[in-house]
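This report describes a single chain and its bound ligand. The sequence and structure are shown first, and the description follows.

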Amino acid sequence: MREVVTIQVGQCGNQISWRFWDLVLREHVQHNRLGLFDDSMSSFFRNVDTRHADPLEIPVAGGQHPISALRARAVLVDTEEGVVSQILRGPLGDLFDRQQVLTDVSGAGNNWAHGSEVYGPQHREAFLECVRRAVGFCDSIQCFSLVHSMGGGTGSGLGSYLLSALEDEYPQVRRFATAAFPAADDDVITSPYNAVLAAHSLVQHADCVFPVDNAALIELVNRVERPQAGTEQRVGAITENGAGVRAAAGGRPVAPTHAFDAMNNLVAHMLANLTASVRFDGALNTNLPTPTLTPDPDPDPDPDPNPNPNPNPDPNPDPNPDPNPSPGPGPSPHLTLSLT
Ligand SMILES: Nc1nc2c(ncn2[C@@H]2O[C@H](COP(=O)(O)OP(=O)(O)OP(=O)(O)O)[C@@H](O)[C@H]2O)c(=O)[nH]1
Ligand SMILES: [Mg+2]
């Protein structure tokens, strides 16, 4: 089986990934009744023996070994400690390898340039060391999956830098990005600028992007969690610390739950569905890049720079052309799917 290494960057990247890991673990518990660590599971997880200081890798060996302790194939990055420490202290804490965690203390202040130009070079080596460790545990890595926001300084700026560092170091490994775009009324005033700068980087360095629109997520959450008739309220904006979804006027929190949780659950479900064919055995079992990056099987190796439809037009065209012309032996149909 070929592995996927998730790189979760910034508050948003880590919070979305947190929901994702929680969801896929629950899926595997439902599906894997015998508790054996198989090939499909190894695409996103490692099975380790924790009786050793640096837990020993338990090989897949045809799915014969029971699950001992799972480690996510993930690298956690943030320039603040809050969210990552919360994850590590939480119920899923043991899922993450502490040697694949990289944090700083002061954050990128919602500034793309600070994330990219200051934190990027400063943490490049430490980051690549974490990635080397994660890749070292893979038999044959199939892709990196970056999860980040486009609006925050770390997600957008450091995320951009790390994507290009991955391209430098692992040019053969595909880079997927799940990128959360800011809503129009986002609290972060610089988020539109950050998003434009990070979008440029995605175009240059990502192979496939799964864009997530925070405005659409808010709308969906509103529809699902619509308050009872008569107490009509709308989700208008997200508070800066993500502590509550506020009504457009009045600012009273609509839902008592963590605002981003409901939104991130939707993204986690999208990611779980997208990766289900990799994480489970079956007729559709396939590598992630296969359906999303199928190249044109008949690319024109020498495209004409001056395409002229017909340099010698027929001076006597048929006045009664066949209304149902046969398609003829053209190139075979193929799938070129773009999710950007
Ligand atoms: N969908 C979703 N969006 C989020 C979440 N957290 C923050 N955002 C959005 O992401 C943007 C802010 O980015 P953050 O991820 O908080 O910032 P950061 O990457 O940690 O960068 P700095 O805090 O500036 O260092 C805003 O547009 C927020 O609305 C989350 O958990 N889910
Ligand atoms: Mg932050």
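Which residue in E3 is the bridge partner of Asp49? The bridge partner of Asp49 in E3 is Leu56. The model in which this pairing is found is a predicted one.

## Strand E2 and its partners

Strand E2 covers residues 45-49, and strand E3 covers residues 56-57. The two run antiparallel and are joined by two bridges, one of the partnerships being that of Asp49 with Leu56. Six residues lie between E2 and E3 in the hairpin that they form.

E2 also pairs with strand E4, residues 69-72. This pairing is again antiparallel, and it extends over four bridges. Phe45 of E2 has Ala72 as its bridge partner in E4. E2 is mostly covered, with four of its five residues buried.

## Overall make-up

The chain contains eight helices and eleven strands. It has 340 residues, of which 37% count as buried. Among contacts in the chain with a separation of 6 or more, 76% are between residues 24 or more positions apart.

## Nonpolar core

The largest nonpolar core is made up of 66 residues. Within this core, the residues with the most contacts are Ile7, Val75, Val77, Leu146 and Leu162. Helix H7 gives the most to the core, supplying eight residues.

Ile7 can be followed further. With neighbours within four places in sequence left aside, Ile7 is in contact with Val75, Val77, Leu146 and Leu162, and also with Phe144 and Ser145.

## Shell around ligand 1

Ligand 1 is surrounded by 28 residues. The closest of them are Gly10, Gly151, Gly152, Gly153 and Gly155. By residue class, the shell divides into 17 polar, ten nonpolar and one charged.

Four helices each supply at least two residues of this shell: H1 (10-31), H4 (153-169), H6 (214-224) and H7 (259-279). The largest share comes from H1, with five residues. H7, which gives the most to the largest nonpolar core, is thus also among the helices that supply at least two residues of the shell around ligand 1.

Terms used: Residues numbered from 1 in each chain as written. Chains lettered and ligands numbered in written order. Predicted model: local features only at pLDDT ≥ 70, side-chain atom pairs only at ≥ 80, totals over all residues. Near = placed C-beta within 6 Å. Nonpolar A, V, L, I, M, F, W, Y, C, P; charged D, E, K, R; others polar. Core = buried A, V, L, I, M, F, W, Y, C linked by C-beta atoms within 7 Å. Buried ≥ 20, exposed ≤ 12 C-beta atoms within 10 Å, placed from the backbone. Contact = placed C-beta atoms within 7 Å. Pairing = 2+ DSSP bridges.
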